[in-house]
Amino acid sequence: MSSVFDDLVGQEHIIDILKGAVAASRTSSDSQEMTHTWVFTGPPGSGRSSAAVAFAQALICTGQGCGVCNECQSAATGGHPDVEIVRTEGLFIKVEEIRELLTRVAWVPSMGGWRVIVMEDADRLTESSANALLKAIEEPGTRTVWLLCAPTLHDILPTIRSRCRHLQLRTPSVDAVIQVLTKRDRSSPKMADFAARVSQGHIGRAKYLATNESVRSNRKVIMHLPLQLGSLAAAFQAAQTLIDLATEEASSSSESKDEKEIEKLKEAYGKGATGRSIATGAAKAVKELEKEQKSRATRMIRDSIDGALLDLATFYRDAMLAQSGALESMINSDMRTEIESYISSFPAHNTAQKIGAIMDARMNLAMNAAPLVTCEALMCELARI
Ligand SMILES: [Zn+2]
């Protein structure tokens, strides 16, 4: 029988705990036995929010997470009255948002089961929003369950951390990702092997690569940039290419999302509604949504540049491996010839320095440095050292 937990790749140790908690929540008459706050941590792509959403589905589904019933499906898309999925497009979750959320989730669950709140980016809580949340977590309603997601436990304020049960997700192995891609997404074994290897356990990225020709060809261009850094002019050109491709990738996925959201919003206002005040309300809501979409687009471009830089770092990582003769552990085994010709012209210690320069550039970007200038400085450095 299928279950919402099937898609959690390589997380068997967590699935057992979650299934146990779901089963106990059915048999126990005392809701005090339920853990009311959970924290899911794990590296990007390990599926921490998918795990939290699956748990939410299983808690409210009469089949303990069948994945096909109305409850399960509406919970996954945020349409279930007892399941609240908090997603953040901005850089922070503001205290007003938390206050508004708390008034919304204060009622008892409509279906008599659990009221579950999934917060996908709990690491983006500001100190004041975390404090506003703390009270709700300290004294949860007897039928309320909070599921917080963050990269690491250190991203959660200590006061909240001490009141949670912590579940740490693992980075799935390359083999586990290959299995999902071939079985669930029907990728060819060769494509699955390539996508799983180069995305290093990031399932979403692996699927995106395996199913998207233009993403693969953009990646190929980026992975060949280290071979073209012969002059400063070429370095500037390489920086521009990287920014252009990363922007293109981010925009193509956000534009279609944007249009769908606006359509949906207009539809929601249009249904059975007429009159001037409704039209004003709709226009205001559309404007608000467009603002949010713009900030999401900026974030997606930054994430996409970061992804491109991480890809680039794997080129130099592989060059170091090739220099030490460990060819079988290469991530980019499809570029073996290029990497071998690269190492014949560059000494080993420079390769380590280059990886360091890429990591510094990523850190600067994370602190909001201007993307193009940062990449230009990086490419010039890579050309020089
Ligand atoms: Zn179900």
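This report walks through some local features of a predicted model, starting with its zinc site.

## The zinc site

Let's begin with the metal. Four cysteine sulfurs hold the donor positions around the zinc ion: the SG atoms of Cys-61, Cys-66, Cys-69 and Cys-72, at distances of 2.3 to 2.4 Å. Along the chain, these donors follow the pattern C-x4-C-x2-C-x2-C.

What arrangement do the four donor atoms make around the zinc ion? The angles they subtend run from 100 to 117°, so the arrangement counts as tetrahedral. For comparison, the ideal angle for four tetrahedral donors is 109.5 degrees. Two of the donor residues, Cys-66 and Cys-72, are buried. For Cys-72 the relative accessibility is 0%, and that is why it gets the label.

## Around the zinc site

Gln-64 sits in the loop between helix 2 (48–60) and helix 3 (70–76). Here's something a bit unusual about its backbone: Gln-64 has a positive phi of about 55°, and it isn't a glycine. Most residues other than glycine have a negative phi. Gln-64 has a relative accessible area of 35%, so it is partly exposed.

Now look at Val-4, in the segment before helix 1 (12–27). Is Val-4 buried or exposed? With a relative accessible area of 12%, Val-4 is buried, because the cut-off for that label is under 20%. Setting aside neighbours within four places in sequence, Val-4 is in contact with Ala-54, Gln-57, Ala-58, Gly-65, Gly-67 and Cys-72. One of those partners, Cys-72, is also a zinc donor. Val-4 and Gln-73 are 69 residues apart in sequence, while their C-alpha atoms are 9.9 Å apart in space.

## A strand residue and a helix residue

Thr-37 belongs to strand 1 (residues 37–41). Its relative accessibility is 2%, so Thr-37 counts as buried. Which residues does Thr-37 touch, if we skip those up to four places away in sequence? The list is Ile-137, Trp-146, Leu-148, Arg-163, Cys-164 and Arg-165.

Lys-135 is found in helix 5 (residues 127–138). Lys-135 is exposed, because its relative accessible area is 53% and the cut-off is over 50%. From the C-alpha atom of Lys-135 to that of Val-221 is 51 Å, with their positions 86 residues apart along the chain.

## Two packed helices

Next up is a helix pair. Two packed helices are described by the angle between their axes and the distance between the axes. Helix 9 (residues 203–210) and helix 10 (residues 213–224) pack with their axes 6 Å apart, at an angle of about 100°. That angle falls in the 65 to 115 range, so helix 9 and helix 10 are roughly perpendicular to each other. On the helix 9 side, the contact is made by Arg-205, Tyr-208, Leu-209 and Ala-210, and on the helix 10 side by Val-215, Arg-216 and Arg-219.

## Phe-236 and Cys-380

Further along, Phe-236 lies in helix 11 (residues 232–270). Phe-236 is partly exposed because its relative accessible area is 39%. If you ignore neighbours within four places in sequence, Phe-236 is in contact with Glu-376 and Cys-380. The C-alpha atoms of Phe-236 and Lys-354 are 16 Å apart, and these two residues are 118 residues apart along the chain.

Cys-380 has a relative accessibility of 17%, so Cys-380 counts as buried. Why does Cys-380 not bond to the closest cysteine sulfur? That sulfur belongs to Cys-375 and is 11 Å away, which is too far for a bond. A disulfide is a covalent bond between the sulfur atoms of two cysteines. The structure as a whole holds zero disulfides.

## Two more loops

Ser-333 lies in the loop between helix 12 (276–323) and helix 13 (336–343). At 36% relative accessibility, Ser-333 is classed as partly exposed. Ser-333 and Ile-14 are 319 residues apart along the chain, and their C-alpha atoms are separated by 32 Å.

Finally, where is Asn-368? Asn-368 is in the loop between helix 14 (348–366) and helix 15 (371–384). Asn-368 is not a glycine, yet its phi is positive, at about 80°.

Definitions and conventions:
Residues numbered from 1 in each chain as written. Predicted model: local features only at pLDDT ≥ 70, side-chain atom pairs only at ≥ 80, totals over all residues. Heavy atoms only, no water. Helix = DSSP H or I, 4+ residues; strand = E, 2+ residues; numbered from the N terminus. Buried < 20%, exposed > 50% of the residue type's maximum accessible area, 1.4 Å probe, protein only. Contact = heavy atoms within 4.5 Å. Donors = N, O, S within 2.8 Å, 3.2 Å for Na, K, Ca; no water. Tetrahedral: all angles 85-135°; square planar, octahedral: opposite > 155°, others 65-115°. Disulfide = S-S within 2.5 Å. Axes fitted to C-alpha atoms, helices over the stretch in contact; angles between N-to-C directions. Parallel < 35°, antiparallel > 145°, perpendicular 65-115°, else oblique.
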